[in-house]
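Q: Hi! I have a structure open on my screen and would like to talk it through with you. Could we start in the middle of a sheet and work outwards?

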2 protein chains.
Amino acid sequence: MLVEMGKQARKAARILGRTETARKNAVLISLADAILAQSDQILAANAQDIADGEHAGLTPALIDRLTLNPDRLDGIANELRNTALLPDPVGETFEETHMPNGLQVSKQRVPLGVLGVIYESRPNVTVDVSGLALKSGNAAILRGGSETLRSNQALVAVIRDVLGRHNLPQDAIQFIADPDRARVMELLQLYEYVDILIPRGGPQLHQFCRENSRIPVITGGIGICHLYVDESANLEAALSVVHNAKTQRPSVCNALDTLLVHQNVAADFLPRLVAFLGLDGVTFRADQSALTAWTDDDQPSSVAAAGPDDFDTEWLSLVLGLKVVSGLDEAIAHIEEHSTAHSDGILTQNEAHARRFVAEVDSAAVYVNASTRFTDGSQLGLGAEVAISTQRLHARGPMALRELTTYKWVIIGQNHVRP
Amino acid sequence: MLVEMGKQARKAARILGRTETARKNAVLISLADAILAQSDQILAANAQDIADGEHAGLTPALIDRLTLNPDRLDGIANELRNTALLPDPVGETFEETHMPNGLQVSKQRVPLGVLGVIYESRPNVTVDVSGLALKSGNAAILRGGSETLRSNQALVAVIRDVLGRHNLPQDAIQFIADPDRARVMELLQLYEYVDILIPRGGPQLHQFCRENSRIPVITGGIGICHLYVDESANLEAALSVVHNAKTQRPSVCNALDTLLVHQNVAADFLPRLVAFLGLDGVTFRADQSALTAWTDDDQPSSVAAAGPDDFDTEWLSLVLGLKVVSGLDEAIAHIEEHSTAHSDGILTQNEAHARRFVAEVDSAAVYVNASTRFTDGSQLGLGAEVAISTQRLHARGPMALRELTTYKWVIIGQNHVRP
């Protein structure tokens, strides 16, 4: 059954790949309209998912993740309209050269082909990914979580209906509704029909895909993120940057996990930080080096001694690791050992230190004097994202339209032969 | 044992990644000198491999592939000197933008890290790949074929010696000498230490890697290549382009496998072509549509009826498939069905046909009026290549220095926080 899906996706991708920009944009606009027009059916399907989830005892946080409402549907529709405004990467010609023998050589961007996307919970992913796939001329086979099955099916029905109305193949977007985990395994073997696999979920899903996929996998979305407060940092500003990185949305991958502080400012900075972030309910796991910022008597109850795995934990919640370091070298060494190479930054007024940090920390996103929360397609000018890659091949960091393309070499001669 | 290699490679890669261009170039020049200075030892090791190979009954073609001689060592040394002259991709900054909020965003090229390369026969690969890896700031773990074990070990000894003399980590280039196939399986699991796996060999090796690797794999190097002679082609020129594509080096992946000819020129062109290429010993597998170019009486003995798999065969020898098509549509459809998406071209004087062919044929290299033999790093201005990718992720077609890098996002703020 999945092979049949694969074949249909391949066929649809060929047509999508040759579809003009204006027509693809028209589909996105129609889709935005249709989602709002059919919001009653979508919200009814979502209400069933919510009821089932509550019955199954999902946590309020999980229920919130899978909940749709008129506001969130507005957001989804706006996202589609924004994607329609972005430049179409397909057909872009680059690296044009004339070889000394007269051959004209260039590269031309083409869609990747068929995307396989495995994701959990949030039903907006269904629409976001479909919008980016269609705009970049790709087909997609989607596998959402069972806890949002009805919402996803309702959204996919709207997408396929809009495709049909624009005389484009409905199978450009297909959804695996069978909740059997065997279907995921089957998807991972479809290398003839699927060009890239994007798992969006926890470490187990990524590991499962890495171990079992015969399709190239983009892993990412897991961030143990660091900020290092250098001796020369503007401490007042550092308070607000750290506060933002930790608390603005603690459940996501670019939120701060570990704060490293230079030993010469730790005694001043750490108590202020703990007091300030404590107002938002942040609790702390402090290395021995950081505990020395307090006496036994004045150590706040929000500060606990860090356990052995705490600096290798992505908190995804209002917990922050604290460590005092002797300087830039130790900060870089700690990041090298514990970072997942997602987003790491330095707060400093020392330009040489900023330069060294940028040169030596090899993460997908390296920051100077900014919150790690900016590692995000829309924040970095891509308009949206299908994933945040922490692997090194193909694309690193936020992936959007251009990252869903590859290129072909176009070589024009006058009956050239190789000597 | 391989885990230890991986750890050492990772350490070495960190140092290589920060090594200045001039120093990396000096290593390549020293290495070119050292290979010539130590040619006696290298050729002695190679002579043992040759003797063993002859004893084991390897074909003359295979013996030729693994043979080194002073000329070939000269070639290897020159390749290194050329690589030294190429621009260093590491550190290149691109896609610089200022976001409306004042964030400075750019991308900076960094090495991939550690390359795993599995290859067969030709010992020059050991040096070519090492040179490209070092120049692009990467470490490499190499696994050559058992039939060239001694030659490879001699070459790797020279490389490591040169690295040591330049105070760079010798473990930047490591070689798996144990011929046990279990070591390959072990290498494929080292995802913590190896960032990209490049198999260079036949379809079985590629399939084995795709099925078993937990490291991202670049597959490629397998080309069922097509040329289509359009009705408007300059037939005189077409003879020489087809001749070049088929005979200039028939054993390689960019050599021509199937010729498609427009029905209106087939009766004229096919007999001339068969006569002309026959002078070089080419034999033909003709589809029924092409056999009609001859009567039963005048069909040359070099032309046989094509079998059912002949249009899905990479010949790697002086055999050429022939098929007559009704026009551009059928040519594109045949290529879509049978091509491995390596190198495919059209010979035509009709610009609209050339444009459609380029737009609709989605191969790594698409040609207009040129031989497919140009799909090659040095022919396309990359100086050299580690592989010719036919997969869609990361890089397509010839891969050289830039394709051995990835990038990091560098984001500079003035204590920016996300609203």
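Q: Which residue in strand 6 of chain B does Val117(B) stand opposite?
A: Val117(B) sits across from Ile198(B). Keep in mind that this is a predicted model.

Q: And how many bridges are there between strand 3 and strand 6 of chain B?
A: There are 5 bridges, and strand 3 (residues 114–119) pairs with strand 6 in the parallel sense.

Q: What is the strand order in that sheet of chain B?
A: The order is 5-4-3-6, an open sheet of 4 strands with parallel pairing. Strand 5 (173–175) and strand 6 (196–200) of chain B are at the edges; each has a single partner strand, so one side of each has no neighbour in the sheet. On average, neighbouring strands are turned by 20° against each other, ignoring direction.

Q: Nice. Which strands of chain B does helix 1 touch?
A: Helix 1 (residues 2–17) of chain B packs on the sheet and touches strand 3, strand 4 (139–143) and strand 5. Its direction makes about 145° with that of strand 4 of chain B.

Q: What about helix 6 of chain B, which strands does it lie across?
A: Helix 6 (residues 124–135) lies across strand 3, strand 4, strand 5 and strand 6 of chain B, and runs at about 165° to strand 4.

Q: Switching to chain A: at what angle do helix 3 and helix 7 cross?
A: Their axes cross at roughly 165° and come within 7 Å, with helix 3 covering residues 39–55 and helix 7 residues 149–165 of chain A. That crossing angle is over 145 degrees, so helix 3 of chain A is roughly antiparallel to helix 7 of chain A.

Q: Is that crossing left-handed or right-handed?
A: Helix 3 of chain A passes helix 7 of chain A in a right-handed crossing. Residues making the contact include Ile42(A) and Ala45(A) from helix 3 and Ala154(A) and Leu155(A) from helix 7. The contact residues split into 5 nonpolar, 5 polar and 2 charged.

Q: Now the two chains together. How many residues of each are in contact?
A: 55 residues of chain A are in contact with 55 residues of chain B. Strand 16 of chain A gives the largest share of chain A's side, 11 residues. That side divides into 26 nonpolar, 19 polar and 10 charged residues.

Q: Which strand of chain B do the bridges join to strand 13 of chain A?
A: Strand 16 (residues 405–416) of chain B, through 5 bridges, and the two strands run parallel. Tyr367(A) stands opposite Ile411(B) in strand 16 of chain B.

Key: Residues numbered from 1 in each chain as written. Chains lettered and ligands numbered in written order. Predicted model: local features only at pLDDT ≥ 70, side-chain atom pairs only at ≥ 80, totals over all residues. Contact = placed C-beta atoms within 7 Å. Nonpolar A, V, L, I, M, F, W, Y, C, P; charged D, E, K, R; others polar. Pairing = 2+ DSSP bridges. Axes fitted to C-alpha atoms, helices over the stretch in contact; angles between N-to-C directions. Parallel < 35°, antiparallel > 145°, perpendicular 65-115°, else oblique. Left-handed = near helix turned anticlockwise from the far one by under 90°.
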